[in-house]
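I keep this notebook to record what I looked up in one protein structure. Each entry below takes up a single topic.

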Amino acid sequence: MSRDEAVGPLEESVGYALKRAAAALRGAMESALRPLELTVPQYACLELLGQQPGLSNAELARGAFVTRQATNGVLRGLEERGLVTRPGTAPHGRALPAELTAGGRELLRAASAAVRAVERRMLEPLGAGGQHRLRQDLAACTAALGERHPEGP
């Protein structure tokens, strides 16, 4: 294997740096959400439903980056806590669109504030220009690997 084919030192690998940043963000989010008795996937579902009420399990799974099976468990837990409602039968096809309850919206406000504080702490060293550039660069990386991003470059 030539030097050009080798990954090289991990501390110089962009992929490794992204994975470390994602792991650090996830850990900080878990800590911030723990007092609210929410997991990161539960928070992701609440946030998605807060912004787009009526999403199906499949849509929530894609948006929260989890499997449809995992989303089903997350939604069941949120329903049991009275944070989300779903109809007993599907209005169209097989999808059961989920919506936040008043309690779900209230908890979402607190969870969003906690997660936003984590994000601010993470991005503070970059300044406004650096934050904008980071979002653009990450969108460009995503696009280069063939995935569309709504805020692409």
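The entries that follow go from the whole chain to single residues.

**Entry 1. Overall make-up**

I noted first that this is a predicted model. I then looked up the secondary structure and found six helices and two strands in the protein. Read from the N terminus, the order of the elements is α-α-α-α-β-β-α-α.

I also looked up how much of the chain is covered. Of the 153 residues in the protein, 28% are buried. The exposed surface of the protein comes to about 10600 Å², and carbon and sulfur atoms supply 54% of it. For contacts with a separation of 6 or more, I recorded that 46% are between residues 24 or more positions apart.

**Entry 2. Helices α1 and α5**

Two packed helices are described by the angle between their axes and the distance between the axes. I looked up both values for α1 and helix α5, which covers residues 102-123. The angle is about 145°, and the axes lie 9 Å apart. I recorded the crossing of α1 and α5 as right-handed.

Which residues in α1 and α5 meet? On the α1 side I listed Leu25, Ala28, Met29, Ala32 and Leu33. Their partners in α5 are Ala111, Ala114, Val115, Val118, Arg121 and Met122.

**Entry 3. Alanine 28**

I chose one residue of helix α1 for a separate entry, alanine 28. Is alanine 28 buried or exposed? Its relative accessible area is 16%, which is under the 20% limit, and therefore alanine 28 counts as buried. Leaving aside residues up to four places away in sequence, alanine 28 touches Val118 and Arg121. I also compared sequence with space: alanine 28 and valine 115 are 87 residues apart in the chain, yet their C-alpha atoms are 8.5 Å apart.

**Entry 4. Salt bridges**

How many salt bridges does the structure hold? I found four, and I describe three of them here, including the pair of arginine 26 and glutamate 30.

In that pair, the closest N and O atoms are 3.2 Å apart. Arginine 26 and glutamate 30 are four residues apart in helix α1, so about one helical turn separates them. Arginine 26 is partly exposed at 39% relative accessible area, and glutamate 30 is partly exposed at 33%.

In helix α5 I looked up arginine 116 and glutamate 119, which are three residues apart, about one turn of the helix. They form a salt bridge with the closest N and O atoms 2.6 Å apart. Arginine 116 has a relative accessible area of 36% and is partly exposed; glutamate 119, at 34%, is partly exposed.

The side chains of glutamate 79 and arginine 86 meet in a salt bridge with an N to O distance of 2.8 Å. Here I noted that glutamate 79 is partly exposed at 27%, whereas arginine 86 is buried at 17%.

**Entry 5. Positive phi values**

Most residues other than glycine have a negative phi, and most peptide bonds are trans. I therefore looked up residues that depart from the first part of this statement.

Glutamate 37 has a positive phi of about 55°, although it is not a glycine. I located glutamate 37 in the loop between α1 and α2, the latter covering residues 40-51. Glutamate 37 is exposed, with 61% relative accessible area.

Where is phenylalanine 65 found? It is in the loop between α3 (57-64) and α4 (68-80). The phi of phenylalanine 65 is near 60°, a positive value in a residue other than glycine. At 76% relative accessibility, over the 50% limit, phenylalanine 65 counts as exposed.

**Entry 6. A nonpolar surface patch**

My last search concerned nonpolar residues on the surface. Val14, Leu18, Leu126, Leu134 and Leu138 form a nonpolar patch there, with about 400 Å² of accessible area together. Helices α1 (14-33) and α6 (127-144) each supply at least two residues of this patch. One of the patch members, leucine 138, has its place in helix α6. I recorded leucine 138 as partly exposed, because its relative accessibility is 35%.

Technical notes:
Residues numbered from 1 in each chain as written. Predicted model: local features only at pLDDT ≥ 70, side-chain atom pairs only at ≥ 80, totals over all residues. Heavy atoms only, no water. Patch = residues over 30% accessible without salt bridge, like charges linked within 9 Å, V, L, I, M, F, W, Y side chains within 5 Å. Areas by Shrake-Rupley, 256 points an atom, 1.4 Å probe, with all protein chains shown as cover. Buried < 20%, exposed > 50% of the residue type's maximum accessible area, 1.4 Å probe, protein only. Axes fitted to C-alpha atoms, helices over the stretch in contact; angles between N-to-C directions. Left-handed = near helix turned anticlockwise from the far one by under 90°. Contact = heavy atoms within 4.5 Å.
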